[in-house]
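Subject: Structure handover

Hello,

Here is the structure I said I would pass on. My notes come after it.

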Amino acid sequence: MRAAEQRAIAAGTSVEALMERAGAALAEAAYCHAGKMPALILCGPGNNGGDGYVAARHLADRGVEVRIAAISEPKSEAAKWARGQWRGEVEALNSSTGPSLLLIDALFGTGLREGLEDALQKQFYRLAADSQMRIACDVPSGVDSDSGVELSSVPGFEMTVTFGALKPAHRLMPSMGKCGRVVLADIGIEASPEWHELGQPVLPALDPGGHKYSRGLVHALAGKMPGAIALSAKAAAYSGAGYVRVSTSRSIDGLPSAIVQTDTAEINDGRIGCLIVGPGMGDIPRVLTLALTSHAPKVIDADAITHLGEPERLRGQDAIITPHQGEFERLFGKLEGSKADRALEAAKRSGAVIVYKGPDTLVASPDGRLGFAPPAPAWLASAGTGDVLAGMIAAMRGRGLEAFEAASAAVWLHGRAAEIAGAQMIADDLAAAIPQALALLND
Ligand SMILES: NC(=O)C1=CN([C@@H]2O[C@H](COP(=O)(O)OP(=O)(O)OC[C@H]3O[C@@H](n4cnc5c(N)ncnc54)[C@H](OP(=O)(O)O)[C@@H]3O)[C@@H](O)[C@H]2O)[C@@H](O)CC1
Ligand SMILES: Nc1ncnc2c1ncn2[C@@H]1O[C@H](COP(=O)(O)OP(=O)(O)O)[C@@H](O)[C@H]1O
Ligand SMILES: [K+]
């Protein structure tokens, strides 16, 4: 966004014009959300504060009773301009400032350097606690917009209004949990799509003349605990794989009859669209070693990630790996930077597509593309939901989507399947909800 803003300015758009659009959009969202609720707008010294002055003017024009409390006089030229357009009073933001029903936080946005000073942070918290509704301009103040880290602790907001494109802080923890509903306003500039929020996928239409192999043969390798691979296999089948086969030394109870169980591992079968290795593998590393000898695309999950030992072993493999935080650190160690930086660095190092899981799942490609998952329900945090995801990714890869697209489509569908399955779901229900999630794509 910073680069896009600079391009817009070089092409003749003034910062004031962008600020006018941003402030108007903030006011519009606040009005739609809170109506004529009296508002207190907290303004900082930079352009985030500038947006606050503009929003105040637009809200007052709509008949909202607005107060402004500012830390200091504006410092940036555009914010000085916005301040000058405001005809009302500006209170000094200090310990005597009284609350209002609606609090709009325009203290700091993308320009925050360090955490808020102690006294200011306390006052900010008090006013937030004493209001009924809280709306943040761009990002809640105290959040580092590039990493989602809280430079000083941040109260929770019902809504955050941001401009042009989402910032990493809207989709990375811990800040994602503080933003509430994120409203994205168009201010006439567009950021590069290389980093983007994952959207509803477009899946290639089925070939009317196709057969079960052309829809994708997913081959899963079982290990010590076959329940986990059973979940992956079921998820792959419900995600539309034409054929799902599980290599297992003992028969797995309760697997749908459509899923074929074999006691051999035909991993060099050229028809395999995608292999899955890892779920329930336990400490049988030869299952992984075997998988790595296959030329087929593969999803490497769970214990297999831990057993890889070296990211370099993934070089030359057509692999998607799906680590949660612990598995990620076991394989890549403690990398520097934000979760987004770490995901991209891991993809570059390994040459694999990385699905870095958690409440803020990311999909990173070695070529620099980065997808942020839209928020998914917290009830996904239960055993086996990762196994389901691995199966979904394998089905998408098996049907011919390229690795980054396959992982992105599966992550999006996984979140929607969780919403459909509901708060009391277990991983089996999640797998069973996949067809309904897929049906959303036809609406
Ligand atoms: N992107 C776009 O296209 C558009 C962006 N827009 C808006 O601009 C916002 C970014 O504005 P911004 O760059 O002026 O930064 P902002 O967050 O207001 O803070 C900078 C000020 O705070 C100060 N300061 C920093 N840290 C501090 C601390 N810990 N404690 C105390 N002070 C501290 C800092 O001081 P300095 O570092 O200069 O000494 C400076 O004075 C963005 O979030 C969006 O809302 C729209 O208006 C138009 C289109
Ligand atoms: N708090 C949360 N909110 C949303 N999704 C979550 C949350 N915690 C975990 N998840 C998702 O649930 C899944 C858990 O996978 P994983 O940790 O591998 O568990 P398991 O190995 O038991 O299957 C991942 O897709 C992850 O992104
Ligand atoms: K803010």
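Below are the points I noted on one sheet and on one annotated site.

Please keep in mind that this is a predicted model.

The sheet is open and has seven strands, in the order β3-β2-β1-β4-β5-β6-β7, with parallel pairing. The edges are taken by β3 (91-92) and β7 (181-185); each has a single partner strand, so one side of each is left without a neighbour in the sheet. Within the sheet, β1 (residues 39-43) and β2 (residues 66-70) run parallel and are joined by five bridges. C43 has A70 in β2 as its bridge partner. Helix α3 (residues 47-61) lies across β1, β2, β4 (102-106) and β5 (133-137), and runs at about 155° to β1.

The site comes from UniProt, where an unreviewed entry places the feature "binding site" at K357, G358, P359, D360, T361 and G386. These positions are spread over 30 residues of sequence, yet they cluster in space, with a largest C-alpha distance of 13.7 Å.

I looked at two of the positions in detail:

- T361 sits in the loop between β15 (353-356) and β16 (362-364). T361 is buried because 27 other C-beta atoms lie within 10 Å, where 20 or more are required. Setting aside residues up to four places away in sequence, T361 touches V355, Y356, A373 and V411.
- G386 is part of helix α12 (residues 385-398). G386 also counts as buried, with 24 C-beta neighbours inside 10 Å. Apart from neighbours within four places in sequence, G386 is in contact with D301, A302, T322, H324 and K357. Of these contacts, K357 is itself among the positions of the UniProt feature.

Regards

Note on methods:
Residues numbered from 1 in each chain as written. Chains lettered and ligands numbered in written order. Predicted model: local features only at pLDDT ≥ 70, side-chain atom pairs only at ≥ 80, totals over all residues. Pairing = 2+ DSSP bridges. Helix = DSSP H or I, 4+ residues; strand = E, 2+ residues; numbered from the N terminus. Contact = placed C-beta atoms within 7 Å. Axes fitted to C-alpha atoms, helices over the stretch in contact; angles between N-to-C directions. UniProt positions renumbered as here; feature names shortened; annotations may be inferred. Buried ≥ 20, exposed ≤ 12 C-beta atoms within 10 Å, placed from the backbone.
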